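The following exercises concern one protein model. Study the sequence and the structure, attempt each task, and then compare your reasoning with the worked solution.

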Amino acid sequence: MKKQSNLFRLMGYAGGFRYLSYASWILSAASALLALVPFWYLWKIMKEVLEVAPDFAQAQTVMHNGWMAVGFAVLSVLVYIAALMCSHIAAFRIASNLRMALMTQIVRLPIGVTERFGSGKLRKIVNETSASTETYLAHQLPDKAGAIATPCGLLVLLLAFDWRLGILSLIPVALGFLIMMRMTGAKMQQKMAEYQNALEDMSNQAVEYVRGIPVVKTFGQTIFSFQKFKNSIDRYGVWVIAYTKELRTPMLFYTTAINSVFVFLIAAGIFLTGNGVELEFLLNLIFYIIITPVISLSLTRIMFQSENAMIVDDALQRMDSVLQERAAVDPESGDMPKDASVVLEDVSFHYDHADDVIRHISLAVDAGQTVALVGPSGGGKTTLAGLISGFFELQKGKIFIGGVEIRQIPKKTLMDTVSFVFQDSRLLKTSILENVRMGNPKASREQVMDALRAAQCMDILEKFPNGVDTVIGTKGVYLSGGEQQRIAIARVMLKNTPILILDEATAFADPDNEVRVQQALQELAKGKTVLMIAHRLSTVVHADQIYVLENGKISESGTCEQLLQQDGVFARMWQEYQQSVQWKVSKEGME
């Protein structure tokens, strides 16, 4: 199947506005041709002046020709403005539709896929794809139409007055064009992709660095603590310097070639006037010296438009990397879960064609049970919770929620059935009220307040004059990790789903906040099916069932008492946990 051109694809996002784009190209080409007409009137003025010299009073049409030149110049500008108006209207619509298409796709993607891309990379793709196409369509394509029309009109002018001088003027143009093609070929396309990759890498690493600033300040580290960020900057610097040096020589020859037209004209003037200077030849030579700079200007514009076309091509390829990701299947209709039970049958999962991180896991959680997932880091606990939440698309095996296969449950129904509290829950830059109301947009103010009370959040509201209407993230209003976690728990309480997944919900809480978070979680878990991921084994003592995940497999399962009686992974983890709890710094160690 033949690949569609980038321009054809972009016009597909324009709808009826694509006709404005077409009009802009026609108007821009017309403007470029109109801009050449004043040169013809300039030639007529010079011709008349040279013919009547030295009695310039006989030049009767100089004023008329001058005003005609001005009139066509103004007309050219007005037509070009009309072209830009048309192109901008269409470009803004296309950019808007591109962003909507990308954001619609991102919303439909499994959360695990968006995490794999990284927020910095996704933001760059959404923002810069639309920005580069907007510039390309609004300015560069109309300019390209004008840049193509200008040489065509110039070719007529150059050959019309003196074909010998015209051909000589085209020699440096041909040389410059050959050099330009070498600079803007397939190799340039590859370099442009490398450039965008370097920028993308810096964007991702910058986001991670900014997120880690609190840790840097806490431990007194410098930027070098974030080696990945520094390395991305270093790689970008090395690449840019190497690429600049590589283009230095061809750019030197290109600039020399397109500006050497005067050399050819002067040489021709000396050669062709050996037997005397004719008035007509002198007139044409002066005219060619005036008009030839337009050639180099047009060629330079074409070169930079070729580079910009490569930027757009690369941007669309990055957009395709998002659009071609398989969106989560969302059935329009399906059976409602009968209860809050969770069943996994022979479930396996891997990331990006790597080895399975979840291997043939089968387990059953009855409605109302509290089940804990524990085990060494990297064992697959969070991935398994993500599969149950629908964050990742199931690859092998089956997951049943309330007796219904998860792929047959509409996304909205699944989200109304399963809720989750992450270890680093994030809040939006809006009021506490609206952050909590995200759990149930139809909830009243009283219902939000009830959820905040149940989540032990009243001490947070009392700190701020505006209480629940306090906007987070503005005017110095910031919450600690534990406080953010309690607000997030209030949000989940308001949502009130029958199945709850807790992923290290107390990981970032200080001792005081941890007590409050635990109280909030106990209130939240009442009457619900709970799957909790925990490293603090004291939180799983009362779980109805504990599954120990190691290397993607369930190595042990049972109650806390049953697992402690075995000489297994859980017993060893429990012993290490108890030692860490009892460990204290001795006075001798402090001295």
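**Exercise 1. A charged residue in a strand**

Task: Establish which backbone nitrogen the side chain of E556 reaches, and determine where E556 is found.

Solution. Step 1: The side chain of E556 reaches the backbone nitrogen of V569 at 2.4 Å. This model is predicted: local features need pLDDT of at least 70 and side-chain atom pairs count only at pLDDT 80 or more, whereas totals for chains, interfaces and linings use all residues. Residues are numbered from 1 along each chain as its sequence is written, and side-chain values use heavy atoms, with hydrogens and water left out.

Step 2: E556 belongs to strand β10, residues 553–558. Helices (H or I, at least four residues) and strands (E, at least two) are DSSP runs, numbered from the N terminus.

Step 3: E556 is buried and has no salt bridge. Buried means under 20% relative accessible area, exposed means over 50%, and partly exposed lies in between (1.4 Å probe, protein chains only). A salt bridge requires a side-chain nitrogen of Lys or Arg within 4 Å of a carboxyl oxygen of Asp or Glu. For E556, the nearest side chain of opposite charge is R572, 5.8 Å away. In assigning charge, Lys and Arg count as positive and Asp and Glu as negative; His and the chain ends are not counted.

Step 4: Leaving aside neighbours within four places in sequence, E556 is in contact (heavy atoms within 4.5 Å) with residues including I546, V569 and F570.

**Exercise 2. Strand pairing**

Task: Describe how β9 and β10 pair, and identify the residue in their turn that has a positive phi.

Solution. Step 1: Strands of a sheet pair through backbone hydrogen bonds, either parallel or antiparallel. Two strands count as paired if DSSP finds at least two bridges between them.

Step 2: Five bridges join β9 and β10 in the antiparallel sense. I546 has G558 in β10 as its bridge partner.

Step 3: The two strands form a hairpin with two residues between them, and N551 in the turn has a positive phi of about 55 degrees. Most residues other than glycine have a negative phi. N551 is not a glycine, and it is exposed, with a relative accessible area of 56%.

Step 4: On another pairing, β9 runs parallel to strand β3 (residues 370–374), to which four bridges join it. There, V371 has Q545 in β9 as its bridge partner.

**Exercise 3. Edges of an open sheet**

Task: Which strands stand at the edges of the open sheet of four strands, and why is one side of each left without a neighbour?

Solution. Step 1: The order of this sheet is β2-β1-β4-β5, with antiparallel pairing.

Step 2: β2 (356–365) and β5 (404–405) are at the edges; each has a single partner strand, so one side of each lacks a neighbour in the sheet.

Step 3: Strand β4 (residues 396–401) pairs with β5 over two bridges, in the antiparallel sense. The bridge partner of F400 in β5 is E405.

**Exercise 4. The nonpolar cores**

Task: Name the residues with the most contacts inside the largest nonpolar core.

Solution. Step 1: A nonpolar core is a set of buried Ala, Val, Leu, Ile, Met, Phe, Trp, Tyr and Cys residues joined through side-chain atoms within 4.5 Å.

Step 2: The largest has 48 residues, and L452, I487, I489, I546 and F570 have the most contacts inside it. Helix α18 (residues 481–495) gives the most to this core, with six residues.

Step 3: A second, separate core has 31 residues, among them I388, F391, I401 and I409.

**Exercise 5. Salt bridges within helices**

Task: Determine how far apart in sequence the partners of two salt bridges lie, K412 with D416 and E434 with R437.

Solution. Step 1: In helix α14 (residues 411–417), K412 and D416 lie four residues apart, about one turn of the helix. Their closest N and O atoms are 3.0 Å apart. K412 is exposed at 64% relative accessible area, while D416 is partly exposed at 42%.

Step 2: In helix α15 (residues 432–437), E434 and R437 are three residues apart, so about one helical turn separates them. Their N to O distance is 3.1 Å. E434 is partly exposed at 33% relative accessibility, whereas R437 is buried at 18%.

Note on methods:
A polar contact is a pair of N or O atoms within 3.5 Å; within protein, one must be able to donate a hydrogen and the other to accept it, and residues adjacent in sequence count only if both atoms are side-chain atoms.
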